[in-house]
Amino acid sequence: MKQVPDKQGFFGQYGGQYVPEVMLPILENMAVEYEKIKDDPAFKTELADLLQSYVGRPSLLYEAKRYSKAIGGPKVYLKREDLNHTGSHKIDNCLGQALLARHMGKTHVIAETGAGQHGVASATVAALFGMKCTIFMGKEDVERQALNVYRMKMLGAEVVSVTDGTGTLKEAVDAAIDYWVAHKDDIFYIIGSAVGPHPYPTMVRDFQKCIGEEARAQVLEKEGRLPDAIFACIGGGSNAIGLFNAFLNDKEVAIYGAEAGGRGIDTKDHAATLTLGQVGVLHGSKSYILQEPNGDIMPVYSISAGLDYPGIGPQHSYLKDSGRVNYQPVTDGEAIESFKLLCHTEGIVPALESSHALALFEKVAKQFKKEDIVIINLSGRGDKDVQQLAEMQGL
């Protein structure tokens, strides 16, 4: 499988740099500087040390015995990204990009966020490195993720509530890009997923590939063989590509990606980009996107603030076309039931995003034998979602 884009940042036909001309030198300089430091021993040592001593990596590969029994399916391992410092996989990428920003002499970082986990991770690394931090977040997400907004502010970040459109992740990205264009020489934009113009999709993938590399080594140590299947949720695609990357060339490992089916793909209330999207350009990159017949970007919806994005990373678009990854939608209701099941069987509260991966596994579990092994990426913890679910269920 193609895991390295060409010099223009394309995975097949997907990727590139569809940005205003004024931004091209900024991106080209970033790509050059990233290429300089990514294999530098001092950079690699500092990042590895931070991932271990600050984040707590490697994250655990935990056998969920009671959950497996409840499903009546194969042996299930959870990759416990929820145990990382800040509560999700997002911190891996934020540390890597913050180190690059420091290398480039930047002292002010900005970021977009949906569920708030990337915003918290960005605010965290900014505090760690003594940088100014500005977070753009849709008004709707500010309201449903109030806990994470408070956490960002506690860490010293300014949180900008974006009121345009649906007030969710797309609008947060729009606002962050506008600010970036206006202050291009003074800031570094920490993009939170494997989306955007080159070199971001590759850079984010590289900083998240520790998830899959760890999982591969851990399952070989525990079981003496590779898993039969792996599962992850898909918003922009960072946790998923982080897990998938280490297994793409292992043909015996089936790979599944769960995207947001919202209230159903037969409605307009979903974010099922790879199921129903068309090829187009969004936020500087060519990929599958959800768009109206006139080319306008569709408003999207998911109960999960981290998955309601109308685009997808270019490498995921390439993997869809190749058939290597099986991408399927999961509805809000299915994700909520999986959230409850993991809580009740394992005493683990998963993020609503991660609950989509659990639900997709449950939908296809009968395809596997009892002796099969699957790994599900638990991309984040669900503390941030408890209030939202409690209000929905009248608790």
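Where does Q145 lie? I looked it up before anything else, and Q145 sits in the loop between α6 (139-144) and α7 (146-154).

**Ground rules**

I'm working with a predicted model, where local features need pLDDT of at least 70 and side-chain atom pairs count only at pLDDT 80 or more, while totals for chains, interfaces and linings use all residues. Residues are numbered from 1 along each chain as its sequence is written, and side-chain values use heavy atoms, with hydrogens and water left out.

The helix and strand names are DSSP runs, numbered from the N terminus: helices are H or I with at least four residues, strands are E with at least two.

**Back to Q145**

Is Q145 buried or exposed? I found that Q145 is buried, at 1% relative accessibility. For my own notes: buried means under 20% relative accessible area, exposed means over 50%, and partly exposed is in between, using a 1.4 Å probe and protein chains only.

Then I listed what Q145 touches, skipping residues up to four places away in sequence: G114, A115, M137, A305, K384, D385 and Q388. A contact here means heavy atoms within 4.5 Å.

**The whole chain**

I stepped back and tallied the secondary structure, which comes to 16 helices and 14 strands. The radius of gyration is 19 Å, close to the 21 Å that the globule rule gives for 395 residues, so the chain is as compact as a globular protein of that length. That radius is taken over C-alpha atoms, and the rule is 2.2 Å times the number of residues to the power 0.38.

Along its principal axes, the C-alpha trace spans about 55 × 45 × 40 Å. Buried residues make up 61% of the 395.

I also looked at contacts between residues at least 6 apart in sequence, and 75% of these join residues at least 24 apart.

For the surface, I noted about 15,000 Å² exposed, with carbon and sulfur atoms supplying 51% of it. Areas like this come from the Shrake-Rupley method with a 1.4 Å probe; for residues, only the protein chains shown count as cover.

What about the charges? The mean positions of the 40 positive and 50 negative charges are 5 Å apart. Lys and Arg count as positive, Asp and Glu as negative, and His and the chain ends are not counted. Each charge is placed at NZ of Lys, CZ of Arg, CG of Asp or CD of Glu.

**Odd backbone spots**

A reminder to myself: most residues other than glycine have a negative phi, and most peptide bonds are trans.

Which bond is cis, with omega near 0 degrees? I found it running from R57 to P58. P58 belongs to the loop between α2 (41-55) and β3 (61-63).

A cis bond also joins H198 and P199, with omega about 15 degrees. I located P199 in the loop between β8 (188-189) and α9 (200-208).

Next came positive phi values. T86 is not a glycine, yet its phi is near 85 degrees. I placed T86 in the loop between β4 (75-80) and α4 (90-103), and T86 is buried at 5% relative accessible area.

H283 also has a positive phi, near 50 degrees. The loop between β11 (278-282) and β12 (285-289) holds H283, which counts as buried at 11% relative accessibility.

**D250**

I found D250 in the loop between α11 (238-244) and β10 (254-262). D250 counts as buried, with 11% relative accessibility.

Which residues is D250 in contact with, leaving aside neighbours within four places in sequence? They are R216, L226 and R324. With R216 there is a side-chain to side-chain polar contact at 2.9 Å. That term means a pair of N or O atoms within 3.5 Å; within protein, one must be able to donate a hydrogen and the other to accept it, and residues adjacent in sequence count only if both atoms are side-chain atoms.

**H316 and T331**

H316 is part of helix α13 (residues 314-322). H316 is buried, with a relative accessible area of 1%. Beyond its neighbours within four places in sequence, H316 has contacts that include I234, F244, L274 and Y327.

My last stop was T331, in strand β13 (residues 325-331). T331 counts as partly exposed, at 27% relative accessibility. T331 and G261 are 70 residues apart along the chain, but their C-alpha atoms are separated by 4.3 Å. G261 is also among the contacts of T331, along with G262, G264 and H356.
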